[in-house]
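Subject: Structure for you to look over

Dear colleague,

I am handing over the structure below, and I would be glad if you could look through it with the notes that come after it.

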Amino acid sequence: MGGRKFAVLLCAEDSEYVKKIYGGYFGVFVRMLEEEGEIWDLFRVANGEIPDDEKGSCNDAHGDDLWICELLNLIKKLDAMKKKVLGICFGHQLLGRALGGKIGRASSGWDIGITNVYLQSSNIITSLKLPASLSIIECHRDEVWELPPKAEVMAWSNNTGIEMFRYGDHIMGIQGHPEYTKDILLHLIDRLLHRDLIKDSCAKEAKSRLEAHETDSDAWKKLCTGFLKGRL
């Protein structure tokens, strides 16, 4: 296990707060996924840092920016190579698009706060002894509308029909943020409000939902690391 290499392809812009407290979003992901002896690389794909073939957000996954198109091509290459890929939120949507699904704006608008998602019965869920539902932090207004061919839904919620999906044994997407803490989301809500991306009423509702619920962070960590590292 020691020395295995992984990469975080970061689409989000670090805020000064997240950089100071968590070492940026890269630090947030590594804190959830890293195990002893592993090597993790960072590629800021929104800035054009795309891994080459050997190394194998305020943006919309349905956009056609150059870096998004390059990332779509990279996903297709990784799929052909059967490399393990875990996509979170924007990454979940981008996986859906790259593999032949349909994505776009959610008809219900922003989903911000802690959401209960329902897990589809599967060998993965059984092997990890997970309950029928898990709570997770959400912060999105886009979603996967239609699954890629041969993909399967692994979880859904009352707001989003495809909260998690799996494609073969090597690709998995999660709409929510298993890596987020309440603190990170509270700060992000204030950023969205300051940029006029959400209304004050939306911010207040999201914060109240945070106060009333907790996330199943340990279960999500077990699911993500188990998938990514081939233990499922």
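What follows is an account of the cores, a helix, two empty spaces and a few single residues.

Please keep in mind throughout that this is a predicted model.

I begin with the nonpolar cores. The largest of them has 48 residues, and within it Met164 and Ile174 are the residues with the most contacts. Methionine 164, once residues up to four places away in sequence are set aside, touches His92, Leu119, Glu152, Val153, Met154, Ala155, Met172, Gly173, Ile174, Trp220 and Leu223. There is also a second, separate core of 24 residues, which includes Ile103, Ala151, Phe165 and Ile171. In soluble globular proteins, nonpolar side chains tend to be buried together.

Helix 2 deserves a paragraph of its own. Seven of its ten residues are buried, so this helix is largely enclosed by the rest of the structure; the buried ones are Gly24, Tyr25, Val28, Phe29, Val30, Met32 and Leu33. The cover over these residues includes strand 1 (5-10), helix 1 (16-22), strand 2 (39-44), strand 3, helix 6 (182-194) and helix 8.

Helix 2 (24-33) also takes part in the second largest pocket, where both this helix and helix 8 (217-228) supply at least two lining residues each. The pocket holds about 160 Å³ of space, and its lining consists of Val28, Arg31, Met32, Pro178, Glu179, Tyr180, Thr181, Thr215, Ser217, Asp218 and Lys221. Sorted by class, that lining has four nonpolar, three polar and four charged residues.

The largest cavity offers about 40 Å³ of space, and the residues that line it are Ser135, Ile136, Ile137, His177, Pro178, Tyr180, Thr215, Ser217 and Trp220. Strand 6 and helix 8 are the elements that give two or more residues to this lining, with strand 6 giving the most, namely three. The classes here are five nonpolar and four polar residues, with no charged residue in the lining of the largest cavity. Pro178, Tyr180, Thr215 and Ser217 appear in the lining of the second largest pocket and also in that of the largest cavity.

Among single residues, serine 157 may be worth a look. Serine 157 lies in the loop between strand 8 (151-156) and strand 9 (164-167), yet its relative accessibility is 6%, and because buried means under 20%, serine 157 counts as buried. Apart from neighbours within four places in sequence, serine 157 is in contact with Thr115, Asn116, Val117, Tyr118 and Glu163, and its side chain makes a polar contact of 2.6 Å with the side chain of glutamate 163. The C-alpha atom of serine 157 is separated by 20 Å from that of leucine 94, which is 63 residues away along the chain.

Finally, there are two lysines whose backbone you may wish to inspect. Lysine 82, although it is not a glycine, has a positive phi of about 60 degrees; it lies in the loop between helix 3 (66-80) and strand 3 (85-88) and is exposed, with a relative accessible area of 56%. Lysine 129, likewise a residue other than glycine, has a positive phi near 55 degrees, lies in the loop between helix 5 (123-128) and strand 6 (133-140), and is exposed at a relative accessible area of 74%.

With best regards

Methods
Residues numbered from 1 in each chain as written. Predicted model: local features only at pLDDT ≥ 70, side-chain atom pairs only at ≥ 80, totals over all residues. Heavy atoms only, no water. Core = buried A, V, L, I, M, F, W, Y, C linked by side-chain atoms within 4.5 Å. Buried < 20%, exposed > 50% of the residue type's maximum accessible area, 1.4 Å probe, protein only. Contact = heavy atoms within 4.5 Å. 1 Å grid on protein atoms, 1.4 Å probe; cavity = no way out; pocket = protein on both sides within 12 Å on 5 of 7 lines; lining within 4 Å. Points joined across faces, edges and corners; volume = space filled by probe spheres on them. Helix = DSSP H or I, 4+ residues; strand = E, 2+ residues; numbered from the N terminus. Nonpolar A, V, L, I, M, F, W, Y, C, P; charged D, E, K, R; others polar. Polar contact = N/O pair within 3.5 Å; in protein donor to acceptor, adjacent residues only side chain to side chain.
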